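The following paragraphs lead through one strand assembly and one pocket. Please keep the sequence and the model in view while reading.

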Amino acid sequence: MKSKKKLMHIIIGWILVTALAILLFPSQELAQKAEIPHLGQLSSRTIIAPLTFEVPKPQQEFEQEKEKAAERVQAVFEYNADETKRALDDLKQSLLKLATYDSLQRNINASSTGDSSLEAKIQQASKIYESLKIRFSPTAIKTFQTNAKARDSLYQAFQRMLQRGISNTLIVSTKNGLQLYQDSYNVRDIKSLRYFQNSASLVRDGQEISVDVTELEPRERRIDETFAELQRTFPNASDNQSILSAFYEALYVFTVPNIFYMEKETERRKEEARQAILPNKGIVAKGMEVVSQGSPITKDVLEKLNALHNALQQENSKQLVTAKFGQIAILCLLVALLFVFLFTPLAKNILQKKRYIWSFTTLAALQVIVCALAHQMIEYVQNAAIAIPDNINLIWAYPFCFSPIIITVLYDRKLGSLFSAFSAIFLGMLAGYDLAITIAAFCVAYASIHFLSMIRYRMNFIWGILSSIAMFALVLTFLLLLRNRMEWQIFYQTLLVGSIMLAITAALASSLFIHLIEKIFGITTVLTLMEMSDFNRPTLRRISELAAGTFHHSIQVANLAEKVANALGANALLVRVMALYHDLGKTMRPEFFTENQKKGITPHNNLDPYQSAKIILNHVTQGQLLAKEHKIPDLVASAISEHHGTTLVEYFYREAKRLYPDKEINPDDFRYKGPKPQSKETVILMLADAIEAATRSMHDSGNATPEKIKAMIHHIISTRLTEGEFSESNLSVREVFLLEDIFLDSLEGAYHTRIKYPGQEEKLAKAK
């Protein structure tokens, strides 16, 4: 990618991330928090109030006081005299009908057959009986009809019950109080009120009095009380169950509530009680001392300082230039410093493709966004008056390790450290430009990425979480000591919040976002390389089934290249995976390659050198096509085209010159199209491929003496260097000189045999 295009993408990314940071954190309050000392610190100066200001209560405390005031308001009930009279008249009329019916029955029984009024009496009695059947059972009618004392006792007991009052609302103090009442009386549809006071307000006859809640009994309990009273009035009634049944039946039919819960009035009084609570603790007059130099910052002092800060902020809001502009400038500078890294040599890998630059930009933006979301959630929790211990510093609930974890896995620890610094500074700004928080956050973030560089297994995420929690516990101890707040309760509560945040951040990053960003931007991570090195992958199975010799050669090259890469400080896993896939194109015509030929029979004997060379050269082109078909990542697929660079197929080039001595042979017809190796890893693969093939050939012919092997390695490396095959890689001159010794040492492990160095045979002979 051209330099101008790179610069354009970087500038656009910087503008976008800066705009996000400014839009999501525009408040000047963050900047001015830097002037407020922390709880537990000693004041560095005496602070005098420059103006008169009010000290507001903390929102949570204010809401709690309002709710307590509302709870102290007594529930309001009303005794309804009209409902009482209606219920009493209803029973009275029914009892009068029973008396009339009894009188008529007596007259009918006493009348003679010829009495002319007998028929009228019978009709009247029948009509009264039918109306009584609506309210009473036949048994109850018969009982009350013949027992005037029972009727009078029922009326008097019912009247006393109405005078005591029957509430339409059950008052309970526990959650299961309603359920117990429903189960006891086998009722379901009943209004209830959860109430914790011992008394309530009762409005009766225009006056409001305070009554014990036990006097406000609901219908079922009043019926039980009255029935018990009637049982005492008729002590011998147990001998005649019909009287008791009639009493119980009548009470259930005629008993209705006459005391009603005034819910709206109660809520109105509660709201008045809430409104009566003052939002301020008091007033600090101008000239009063807020805190003296050397005094500890207590909770009360901190509340006054915050109130003073808010008052000054309102006073200064009329100014044209405020702290808001200073904060915008700081955010611009912070994001600019992050993107300046892309102009350093350490960012060479990111600058290779524009999508890598945008992955860098996306992760920076994601870090700002997740912190903004956490900021909004914390503000919501605080404004909702959710009970949170005052000891917890919620700054540690921000996911400041989010992007550092992701970018370390996607790229390397250097970038992870850069994002750790960016995230830590950003967190320090949110904490009121707190340097101690910034340093602590960087230590925790760096600990979280320590085990993720060149990650091989997902278990490393667990080690990352554990190390970050251990580091958090350590820096938290230092912070609490620094601020004179080292108490066990503060320590463990804050540690718990921070640990949960670290675990959730790592879980989200590892299970979702790393995979997502890897797919979106085409980045090949170590985790992907580990999956690709599995021999059960369809592509590797294709090589092993169609070109067994090539597959064995690829494994040998992978073993050799991995050892060399480890010794040289290159990406050993990447080199190994590249080696496994580098000859994928040979599966199209495997019989034309030496490692797949049996008993020395080669189809090249029947071909022209040009044809043979074309087949050999085409394995690179065909490999690239197969790599796209099998969705091999570009980083790995680059090895297919780069592992031969622009070298000659030397054997067939010489063969063409031998067969056609009078013809001018164009070397380009026998040359790979390249490109030349673009990285240290593809240089190692190029050399490992050539050296492995040459060494195997020497072993097969029995000419693998130490001197010849060393000479062969020297020849291959020096030839490639002379031809300029290393010119486009990041291989240094010092590393080129090291390669010969590293390859010689690595061959022993790659072939599982010991190479006899000069003089070794003589030493062995003497030892025998």
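**A mixed sheet and a pocket**

Strands E6 (residues 199-204) and E7 (207-212) pair in the antiparallel sense over 6 bridges. Strands here are DSSP runs of E with at least two residues, helices are runs of H or I with at least four, and both are numbered from the N terminus; two strands pair if DSSP finds at least two bridges between them. The model is predicted, with pLDDT of at least 70 required for local features and 80 or more for side-chain atom pairs, while totals for chains, interfaces and linings use all residues. Residues are numbered from 1 along each chain as its sequence is written, and side-chain values use heavy atoms, without hydrogens and water.

Serine 201 faces serine 210 in E7, and serine 201 is also the bridge partner in E6 of valine 76. Strand E3 (residues 76-79) runs parallel to E6 over 3 bridges. E3 also pairs with strand E8 (residues 259-261), in the antiparallel sense and over 3 bridges; there, glutamate 78 is opposite phenylalanine 260.

The resulting open sheet has 4 strands in the order E7-E6-E3-E8. E7 and E8 are at the edges with a single partner strand each, so one side of each lacks a neighbour in the sheet.

The second largest pocket has a volume of about 1500 Å³ (a pocket is an open set of points on a 1 Å grid where a 1.4 Å probe fits, with protein on both sides within 12 Å along at least five of seven lines; lining residues have an atom within 4 Å of a point; the volume is the space filled by probe spheres set on the points). Its lining has 42 residues, and Thr594, Val649, Glu650, Tyr651 and Ala693 are the closest to its centre. Helix H27 (680-701) is among the contributing helices and gives the most, with 8 residues.
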